[in-house]
Amino acid sequence: VNISNVDSREALRRARALHHYEDHVAFFYAKLSASAAAIISFLLTNEMPILLAAVGMLAIMLFDISNIQQQKKLLAQPDGDFADWEYHYTFLSTFFMLLVGLWCFFSFTLTKDLFIHLLCVSIAMGNVLTLLCRNFSNERILTLQLFAVGIPLILGVLSYGDYRSLVLCTFFLPLFSSVRDISGRLRSMFRDLERQSDEKEAFGVQLNEALESMSHGLLMFDETMHLKIINKTAREILDIEEDFNCYHKSLKQIARMVDFKKPLLNRVRVLEENLSKRLHENSIERIFKISETQYLELSMKMRNDGGCVLVIEDVTQRIEYQMRINELAKFDELTGLCNRSFFLQQATSKLRLLGKDEEAALIFFDLDDFKRVNDTLGHEAGDYILTNVAERLRNILPRGAIAARYGGDEFVIYVRARDCRIGIETLADQIVSEISTDLQFNNQVLRFGISAGVAVCPNDGRTVERLLKLADLALYAAKGAGKNQYYFFTAELEETLQKRILLEDDLAEAIHHKKLDLHFQPIIGMDSGKVEVFEALTRWKREGLEVPPDIFIPLAEDLGLIRAIGEWTLLEACRQCKTWPEEIRVAVNLSAVQFQVGSVIQAVRNALDETGLEPSRLEVEITETAVLNDMSHAVVVLEALSEIGVGVSLDDFGTGYSSLSYLHKLPLDKLKIDKSFVDNIADSPRSRTLLKGVTVLGKALHLKVVVEGVETQAQFDLLREHYDVDLIQGWLFSRALPAGDTREYAWRSHGKSTPQDEAIKIPHIHMDKAAS
Ligand code: C2E
Ligand code: CA
Ligand code: CA
């Protein structure tokens with residue numbers, strides 16, 4: 001039934017109530033008996049009006065019979081012309097009732113035959129009852145017909161003219177009115193029933209809509225596990241066409257039917273198999289593959305009556321996402337090679353499976369000048385190099401080998417000797433020579449070298465960790481020996497490693513027990529000839545021998561101890577500076593690592609606060625590396641230092657990168673030109689030109705120029721005569737001196753005698769306090 005059209009639905013409901021075809025026979029008999037009674041009364045009376053009424057009734061009855069089929073058809077149609085039909089029906093049935101009424105009227109007025117009168121009244125009453133049954137749903141028709149039969153009947157009875165007929169008539173009235181009452185009650189009962197069934201129908205429709213619009217597929221089975229409900233999504237997921245009738249069948253039967261059409265892609269079969277696994281094998285697997293590329297999640301709920309509801313969901317996207325995450329956890333995104341942890345895992349298990357007499361190697365390599373490329377040409381160029389290195393590596397990698405990007409610009413390869421036909425040495429050679437050929441990027445030539453270290457199992461070690469450490473050490477050695485080459489790990493390197501480990505332990509201990517010393521090297525004003533600054537340089541004596549800072553400072557950086565050294569140096573330097581004439585400042589070196597880790601500003605503030613040193617008497621020396629690694633961070637830190645009033649010098653200028661663009665962005669005070677620029681100026685015109693270039697550059701940037709590493713009088717003379725230099729530092733004047741000697745030097749240099757130690761009351765600051 002088309003329920004969307006409310007009006008036609010209402011009309012149909014009325015039509016069906018008016019004319020219930022099941023009752024048709026009863027109504028026919030009612031009409032037949034009325035017509036027959038009228039004919040009998042005519043035969044007994046021979047009165048013409050009675051005959052006319054009888055013929056009219058008969059005609060309507062015959063017309064009704066002839067129309068039965070048509071009516072049935074009409075009522076079966078949901079959208080027939082019921083209004084028209086209702087009109088005809090009302091007219092005909094009312095006319096019939098009127099005829100019954102008239103027949104009664106004539107019978108009462110024209111005859112005095114008691115039998116005929118009884119016949120009339122009983123037939124009329126019978127018709128009133130039929131009327132009630134048939135037309136209760138329509139008050140208008142009911143009333144009209146009651147009047148049509150009632151008024152002539154009452155008039156007929158009244159025609160007796162005595163009080164008994166009056167009494168009889170007064171009995172008719174309550175009868176008619178109760179017929180109306182009953183019809184009203186029936187009507188409302190009928191309406192209630194209709195409404196309830198409408199509501200049920202609407203609920204069913206809503207439920208159906210909800211089921212059909214579910215994003216999950218739903219299948220409901222009865223207690224014999226035959227399908228009762230399947231929604232659209234389930235059909236889609238299982239690839240069951242809409243016109244395929246799968247109701248009242250078990251999943252097995254449906255699968256069998258699908259087999260005829262799609263034996264290879266029978267998704268129902270896959271579902272059925274997984275379901276029976278769940279039911280009979282107690283499997284708890286919820287997710288399974290429904291096709292090559294699609295995953296389903298199946299949830300099942302048993303119903304109380306023994307049936308069950310299956311909910312299936314296409315979880316392909318979720319699974320793919322999960323798999324992608326798993327992949328990401330294994331591979332390096334940029335190069336597609338394994339990442340560190342996956343490599344360790346893989347190499348460990350491969351090493352474990354390595355045969356007794358078999359050999360395998362770890363080749364550890366990194367790019368020599370990668371930092372420079374990254375810093376000067378940007379990360380894009382850096383990434384381009386890394387992806388190309390990975391690509392080239394793949395091309396020469398033997399089958400079965402594992403390659404990983406170990407971090408930054410470091411790569412590592414695990415390869416079994418048996419798999420490496422060309423031999424491990426040749427492979428290492430190829431890596432160094434072939435992978436490092438120049439690349440073209442944005443019309444620029446990218447040049448970089450590769451250094452590698454190799455460790456071999458079982459000779460050098462059996463665990464990945466050890467082999468990695470040894471390969472790294474060999475790499476370190478290769479770099480130390482001039483880069484762009486490979487080293488195999490050897491026993492001598494092992495010795496170096498042992499030494500390094502001992503050194504590391506000793507350094508940690510020295511820092512812990514404040515066994516470091518601070519020495520000071522004077523920096524002399526070119527014009528004044530007096531000390532203007534002392535540079536603080538840390539010294540460490542190990543077993544009576546000095547370990548050069550070039551060795552232990554990077555070591556401290558690696559070990560994470562540089563912050564402790566840095567904070568102690570700052571405090572100690574400020575403390576010493578307080579004992580010098582006021583015109584002399586102190587310069588402290590800041591490691592790039594310490595600079596990046598942060599806390600520099602805090603450490604400087606601490607040192608100044610604790611010692612009460614004027615901020616203007618403190619300078620920090622930083623290298624280009626510290627600045628270039630993170631330019632925006634450097635700007636913030638250096639500006640904060642300038643604000644405090646602390647001077648900033650750029651150390652080792654000219655040794656690092658050739659990018660000068662950053663110089664004017666930073667609040668710098670001094671440029672310290674590296675010793676290498678001065679070394680050969682006495683003999684080499686080229687050196688002189690280079691030095692000229694950097695000093696002029698410094699001046700152009702309005703910075704004070706300091707030249708470091710002046711060792712000879714000849715160098716000094718040249719500098720004084722031909723270069724615009726503000727300050728000079730070097731062994732020609734003095735090496736770095738212990739604190740006591742420094743103090744003496746400072747006062748003497750300013751033409752004064754050293755004040756007594758007692759006069760300088762500054763509390764001694766311990767290293768551990770500084771470190772905390
Ligand atoms: P640097 O900052 O460039 O310090 C100057 C280095 O050159 C010092 O070496 C100094 O002794 C040396 N030098 C000075 N004049 C001459 C000369 O005329 N000829 C020669 N051949 N060398 C000269 P040192 O003390 O061995 O320090 C080496 C490097 O260690 C320093 O280079 C600095 O980068 C680092 N360093 C030293 N102490 C510290 C420290 O306390 N903290 C940090 N972060 N780094 C430090
Ligand atoms: Ca320095
Ligand atoms: Ca320097």
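Two strands are said to pair if DSSP finds at least two bridges between them, and strands (E, at least two residues) as well as helices (H or I, at least four residues) are DSSP runs numbered from the N terminus. The exercises below concern a predicted model, in which local features need pLDDT of at least 70, side-chain atom pairs count only at pLDDT 80 or more, and totals for chains, interfaces and linings use all residues. Residues are numbered from 1 along each chain as its sequence is written, chains are lettered from A and ligands numbered from 1 in the order in which they are written, and side-chain values use heavy atoms, with hydrogens and water left out.

**Exercise 1. The open sheet**

Task: Work out in which order the five strands of the open sheet are arranged, and what packs on the sheet.

Solution. Begin with the pair β1 (residues 217–221) and β5 (residues 308–314), which run antiparallel and are joined by five bridges; within this pair, G217 has I312 of β5 as its bridge partner. Next, place the pair in the whole sheet, whose order is β2-β1-β5-β4-β3 with antiparallel pairing. The edges are then β2 (227–230) and β3 (287–289), each of which pairs on one side only. Neighbouring strands of the sheet are turned by 25° against each other on average, with direction ignored. Finally, helix α11 (residues 316–328) packs on the sheet and touches β3, β4 (295–302) and β5, where contact means heavy atoms within 4.5 Å. The direction of α11 makes about 125° with that of β4, given that axes are lines fitted to C-alpha atoms, for helices over the stretch in contact, and that angles run from 0 to 180 degrees between N-to-C directions.

**Exercise 2. Two helices and the loop between them**

Task: Describe how α9 and α10 pack, and then locate K262.

Solution. Two packed helices are described by the angle between their axes and the distance between the axes. For α9 and α10 the angle is about 150° and the axes are 8 Å apart. The two helices are therefore roughly antiparallel to each other, a term used for angles over 145 degrees, while those under 35 count as roughly parallel, 65 to 115 as roughly perpendicular and the rest as oblique. The crossing of α9 past α10 is left-handed, which is to say that the near helix is turned anticlockwise from the far one by less than a right angle, clockwise being right-handed. Among the residues that make the contact are L251, I254 and V258 of α9 and V268, L271 and L275 of α10.

The loop between α9 (251–261) and α10 (267–280) holds K262. With a relative accessible area of 16%, K262 is buried, where buried means under 20%, exposed over 50% and partly exposed in between (1.4 Å probe, protein chains only). Leaving aside residues up to four places away in sequence, K262 touches D239 and E241.

**Exercise 3. The calcium site and its strands**

Task: Identify which residues coordinate the calcium ion (ligand 2), and follow two of these residues into their strands.

Solution. The coordinating residues are E535 (OE), N589 (OD1), E621 (OE) and D651 (OD), at 2.1 to 2.3 Å. Donors here are N, O and S atoms within 2.8 Å of the metal (3.2 Å for Na, K and Ca), and because water is not among the atoms, sites may look incomplete. Along the chain, the donors follow the spacing E-x53-N-x31-E-x29-D. D651 coordinates both this ion and the calcium ion (ligand 3), the two ions being 4.1 Å apart.

N589 lies in strand β16 (residues 585–589) and E621 in strand β17 (residues 618–622), so the pair ties together parts that are 32 residues apart in sequence. N589 is partly exposed, with a relative accessible area of 27%, whereas E621 is buried at 2%.

Strand β17 can now be examined residue by residue. Five of its five residues are buried; L618, V620 and I622 point one way, and E619 and E621 the other way. In a regular strand the side chains alternate between the two faces of the sheet. Four bridges join β17 to β16, in parallel, and L618 is the bridge partner of V586. Four bridges also join β17 to β18 (residues 647–653), again in parallel, with V620 opposite V648.
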